[in-house]
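I opened this notebook to record what I looked up in the structure. The entries follow the order in which I worked.

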Amino acid sequence: MSFTKGSITYCRFRAPAPDRQQVEDGLADNAWQEPQSPVWRAPVIGWCCHDSMLDADFSDVNRWVFGQYLLFSLRVAEKKVPTTLLQAHLQRRISTWCAEHGRSKAPASVRAELKDALLEEMLRQALPSNRIVQVVWDTREGLIRADTVSESMLDLLRKHLRRSFGVTAEPYTPLGGLDETIRAQFQLLGPADLRAGGDR
Amino acid sequence: MSGDEQRLAPGMASEFLCWLWWLTERDGGRVSLDETRGHECLVLEAWVDDKLRFCVAGDSKVVAAFMGESTGSTPPARETLSIGRSVADLSLFLRREDRQYVVTIDAEHLHRRGLKLPAHAADGLEALVFERMFLVEEVDYLLDRLFCQYALVRTSSRWLTVVAAIREWAAAPVDEVTTDGDTR
């Protein structure tokens, strides 16, 4: 479900668009790249084409520029190791180490070493979870629509926009459509008491 | 304009949704948007569709949910408002000319969820993008216009009349709803 298919869940940001060349460079420089090593945890972030998370080639502008609209996606990949499984395997390895060394308890340094080794093994085998946010940047209006309302994803999107294009994406509200005086008055207000017999 | 200048005070988005619900019920689903600077007067059809949920003010946890046809017209939903619950989100049906939309709007950030666009056909990706963005922008335009109309009423002396009308409407049995509280 996205801006090109099906129903859409989205939010808006004010973000003046830089010129086309800057956007092109920003996309290319911050495009999705597969991690070099299979052992990684932190989210890996990069731009990809709107129609394929595996494709991060923006050299053909006809694939992402549609008149005033720029259409592309943010890919966020993350590897996670289930904590309970990690602890279970770790406990077993500690028991094995104790048996092999005739000790009742493993020293902290050994436990840490075993944990690091185990974590690396598990991360090597873990499949990353991938999340995609489709972005439509209306360059005429300076408005970005992103097809997510997840705060964590929006936070990553805002950071990657800043890193890639040097723009600060501000959450959009309809207050911008009001005269300055009305807006100032409105922002001083709090919600009314709408209960039956309210304000009594 | 900075983000701070655009920020909605807590509870105001919920109040807007409540006003919108009342307005659509009061006018039988036919809503007039007044002419404002740079925007012509227009009439659209709008009503609460099949979802209306409530929370306690200041807490996003949903405490009451109404689903199904004509949800906005049901006395229990109005009664929930009259006892002081805030609208958490609602699904809204919109029709302008022959274009129909259904969208859920949340009262935290006014994000749009599950926007259903009218049937559209386009030849090629570029035409599809233009067509769908035209429809998305129309929904945003209509909702922003509705919000501006609410803000104009909210900052005027008419608001006291509107509050009284909303309270009366919320507390009244279904057949006794008045049509007071003209927003003009």
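Is the crossing of α3(B) and α5(B) left-handed or right-handed? I found that α3(B) and α5(B) cross in the left-handed sense. I note at the outset that this is a predicted model.

**Entry 1: α3(B) and α5(B).** I then looked up the geometry of this pair. Helix α3 of chain B, residues 75-82, and α5(B) have axes that come within 7 Å and cross at roughly 130°. That angle falls outside the range of 65 to 115 degrees for roughly perpendicular and is not over 145, so I recorded α3(B) and α5(B) as oblique to each other. On the α3(B) side I listed B:Arg78, B:Glu79, B:Leu81 and B:Ser82, which meet B:Ile166, B:Trp169, B:Ala170 and B:Ala171 in α5(B). I sorted the residues of this contact into 5 nonpolar, 1 polar and 2 charged.

**Entry 2: α4(B) and α5(B).** I next took helix α4 (residues 125-154) of chain B against helix α5 (residues 158-171) of chain B; their axes are 7 Å apart and they pack at an angle of about 105°. The two helices, α4(B) and α5(B), are therefore roughly perpendicular to each other. From α4(B), I noted B:Tyr150, B:Leu152, B:Val153 and B:Arg154; they meet B:Arg158, B:Trp159 and B:Val162 of α5(B). The residues of this contact comprise 5 nonpolar and 2 charged, with no polar ones.

**Entry 3: α2(B) and α4(B).** I asked how α2(B) and α4(B) lie to each other. The axes of helix α2 (residues 12-26) of chain B and α4(B) cross at roughly 100° and come within 10 Å, and I therefore entered α2(B) and α4(B) as roughly perpendicular. The contact is made by B:Met12, B:Glu15, B:Phe16, B:Trp19 and B:Leu20 of α2(B), together with B:Leu143, B:Leu146, B:Phe147, B:Gln149, B:Tyr150 and B:Arg154 of α4(B). By class, I recorded 8 nonpolar, 1 polar and 2 charged residues in the contact of α2(B) with α4(B).

**Entry 4: chain A and chain B.** How many residues of chain A are in contact with chain B? I read off 47 residues of chain A, in contact with 51 residues of chain B. The area buried between the two chains is about 4200 Å², and carbon and sulfur atoms give 61% of it. In chain A, the residues that lose the most area to chain B are A:Tyr10, A:Phe186 and A:Leu194, together 17% of what that side buries.

**Entry 5: salt bridges.** I looked up the count over all chains, which comes to 22 salt bridges. Across the interface of chain A and chain B there are 3. I noted the salt bridge of A:Arg12 with B:Asp144, whose closest N and O atoms are 3.0 Å apart. Within chain A, I recorded the salt bridge of A:Glu121 with A:Arg93, where the closest N and O atoms are 2.8 Å apart. A:Glu121 lies in helix α3 (residues 108-125) of chain A and A:Arg93 in helix α2 (residues 83-101) of chain A, so this pair ties together parts that are 28 residues apart in sequence.

Notes: Residues are numbered from 1 along each chain as its sequence is written. Chains are lettered from A and ligands numbered from 1 in the order in which they are written. This is a predicted model: local features need pLDDT of at least 70, side-chain atom pairs count only at pLDDT 80 or more; totals for chains, interfaces and linings use all residues. Side-chain values use heavy atoms; hydrogens and water are left out. Axes are lines fitted to C-alpha atoms, for helices over the stretch in contact, and angles run from 0 to 180 degrees between N-to-C directions. Helices (H or I, at least four residues) and strands (E, at least two) are DSSP runs, numbered from the N terminus. Angles under 35 degrees count as roughly parallel, over 145 as roughly antiparallel, 65 to 115 as roughly perpendicular and the rest as oblique. Contact means heavy atoms within 4.5 Å. Ala, Val, Leu, Ile, Met, Phe, Trp, Tyr, Cys and Pro count as nonpolar, Asp, Glu, Lys and Arg as charged, and the others, Gly among them, as polar. A crossing is left-handed if the near helix is turned anticlockwise from the far one by less than a right angle, and right-handed if clockwise. Buried area is the accessible area (1.4 Å probe) that two parts lose on being put together, summed over both. A salt bridge is a side-chain nitrogen of Lys or Arg within 4 Å of a carboxyl oxygen of Asp or Glu.
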